[in-house]
Amino acid sequence: IEIMIANNIGYISFRQEKYDEASRYFLRALHSSQLINQKIVNSSLRASCKDWENYFQQRFYDCLAATSLNLGRTYLAIGNLDQAMDLCKEVQSVRTMTSGGRHFDIDVAQFNIGLVYHAKGQFSVAAEKYRIYLSQAEQKLGSFHPHIATALHRVGQVLYDQNMHEEAVTFFLRSAKKRAAVFGMVHKDVADTSYMMGKSLQAQGNYKHAMLAYQHALTVQNHLFGTVHEDVLTSLCSIGKLHHMMNDFDASLRAIQKIVEVSREIHGNSHPFVADMLKTLGSIQMDMGLVDEAVGSFEEATR
């Protein structure tokens, strides 16, 4: 129970992006599972229980694998890539030893190793790991499962990072459909995939459909978070930039004004990002011949 509670609290902390707190709970769970295993090894239960080794050792390996996977993802999130890789390999080793290589944790560890390579910029290796995981997951979990949608998104992401935008869009579209089917249309993962689809379409020069993807992401984010949120700000920035690239200066001006408003709510008036956006606003106003307004924006940016 103690191990389960520590793992659950760690997972909640991880989802809240409280990574230091999450790692402490996962380490506590890992330490507790090792202590409990050692106590049982030294107890009289081993001699008295015929199925001791199979039952208790399997429970220990289950705890060890689950906690190591969770801790590895946490280390990945805070940039401890080598430690994350070591934990993934440990899970693969333990599960290969105990299940003959058939346990799904081996596949999950493979996916996490892909995340490590992706973070290190080794995109082709990461893509290979993701695709191997995707193939195994589709066989074991079926087509419509959150893990499948996540794997499709990660393949799209690594293809985007390799400037393979047309293929990336295909994977983002597949991921978006599955995420919408699993979670419904109003979900952060749906917004994230729609946003990345927009980036890939924009990189191809398909501005019309890129704008639709960005606007869909923004609509979902507004439903989830309201108008003042970092994800909303990110989408607004991409929309404003794309309007400018399409020479739609009125729409770009409105977007930048909204960005300034939202960024002030998030960061305060004196944040460098707010100053940068005010300068961008001033430049657009100059392009539109709004000289007085541009001067006001530039002056505000220097305060």
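## A tour from helix H13 to the salt bridges

Begin by selecting helix H13 together with its neighbours, where the buried residues of H13 (buried meaning under 20% relative accessible area, exposed over 50% and partly exposed in between, with a 1.4 Å probe and protein chains only) pack against helix H12 (230-245) and helix H14 (272-287). Helices here are DSSP runs of H or I with at least four residues, numbered from the N terminus. The model is a predicted one, in which local features need pLDDT of at least 70 and side-chain atom pairs count only at pLDDT 80 or more, while totals for chains, interfaces and linings use all residues. Residues are numbered from 1 along each chain as its sequence is written, and side-chain values use heavy atoms, with hydrogens and water left out.

Next, keep H13 alone on screen: its 19 residues, 249-267, reach 26 Å from the first C-alpha to the last, close to the 27 Å expected when 1.5 Å is multiplied by one less than the number of residues. To see the side that packs, colour the buried residues of H13, among them Leu 253, Ile 256, Ile 259, Val 260 and Val 262. Then step just past the end of H13 to Gly 268, which takes a positive phi of about 90°.

Return to H13 and select Arg 264, whose side chain meets that of Glu 300 in a salt bridge at 1.9 Å, N to O; the term stands for a side-chain nitrogen of Lys or Arg within 4 Å of a carboxyl oxygen of Asp or Glu. Arg 264 lies in H13 and Glu 300 in helix H15 (residues 291-301), so the pair ties together parts that are 36 residues apart in sequence. Arg 264 is partly exposed, with a relative accessible area of 27%, and Glu 300 is also partly exposed, at 29%.

Now move to H12 and select Asp 231, which forms a salt bridge with Lys 188 (3.6 Å, N to O). Because Asp 231 lies in H12 and Lys 188 in helix H10 (residues 188-203), this pair joins parts that are 43 residues apart in sequence. Asp 231 counts as buried at 18% relative accessibility, whereas Lys 188 is partly exposed at 34%.

For the last stop, select Asp 82 and Lys 120, a salt bridge with its closest N and O atoms 3.2 Å apart. Asp 82 belongs to helix H5 (residues 81-99) and Lys 120 to the loop between helix H6 (104-119) and helix H7 (123-141), so the pair ties together parts 38 residues apart in sequence. Lys 120 is partly exposed, with a relative accessible area of 36%. A search of the whole structure finds 9 salt bridges.

How values were computed: Helices (H or I, at least four residues) and strands (E, at least two) are DSSP runs, numbered from the N terminus. Contact means heavy atoms within 4.5 Å.
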